[in-house]
Amino acid sequence: MTETTPASASVSASYCAPGPASRPEPAAEGPFAACVLCQEPTEYPTSARGITLCPVCEWQEAQRTACSG
């Protein structure tokens with residue numbers, strides 16, 4: 001007997017899964033971009049496009065946007 005799962009089970013499991021975020025490659029050496037929230041240096045080069053966050057702000061943003069289930 002084959003076990004089938006309802007379509008809603010796969011939808012609910014992936015509902016809170018975030019899409020892949022595009023992140024620039026970390027820079028090996030400076031100058032480093034400033035965090036847009038706290039102005040601390042990030043691990044990204046100044047030529048990185050988009051919103052650059054330092055590791056602390058990046059972690060806090062992930063916590064705020066995480067699925068609370």
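Trainee: How many disulfides does a search of the whole structure find?

Mentor: Good place to start! Keep in mind that this is a predicted model. In general, a disulfide is a covalent bond between the sulfur atoms of two cysteines. Here, the search of the whole structure comes back with 0 disulfides.

Trainee: Which cysteine sulfur is nearest to that of Cys54, and how far away is it?

Mentor: That of Cys57, at 3.6 Å, and Cys54 is in no disulfide. Looking from the other side, Cys57 is in no disulfide either, with the sulfur of Cys54 as its nearest cysteine sulfur, 3.6 Å away. The cut-off explains the result: a pair counts because its sulfur atoms lie within 2.5 Å, and not otherwise.

Trainee: Is Cys54 buried or exposed? And what about Cys57, buried or exposed?

Mentor: Cys54 has 6% relative accessibility, so it counts as buried. Cys57, at 7% relative accessibility, counts as buried too.

Trainee: Let's turn to charged side chains. How many salt bridges does the count come to?

Mentor: The count comes to 1 salt bridge. To read such a contact, look for a side-chain nitrogen of Lys or Arg within 4 Å of a carboxyl oxygen of Asp or Glu. In this model, the side chains of Glu61 and Arg64 form the salt bridge, with 2.7 Å from N to O.

Trainee: Where do Glu61 and Arg64 sit along the chain?

Mentor: Both belong to helix α2, which covers residues 55–65. They are 3 residues apart, so about one helical turn separates them.

Trainee: Which of these two is exposed, and which is partly exposed?

Mentor: Arg64 is exposed, its relative accessible area being 54%. Glu61, with 31% relative accessibility, counts as partly exposed.

Notes:
Residues are numbered from 1 along each chain as its sequence is written. This is a predicted model: local features need pLDDT of at least 70, side-chain atom pairs count only at pLDDT 80 or more; totals for chains, interfaces and linings use all residues. Side-chain values use heavy atoms; hydrogens and water are left out. Buried means under 20% relative accessible area, exposed over 50%, partly exposed in between (1.4 Å probe, protein chains only). Helices (H or I, at least four residues) and strands (E, at least two) are DSSP runs, numbered from the N terminus.
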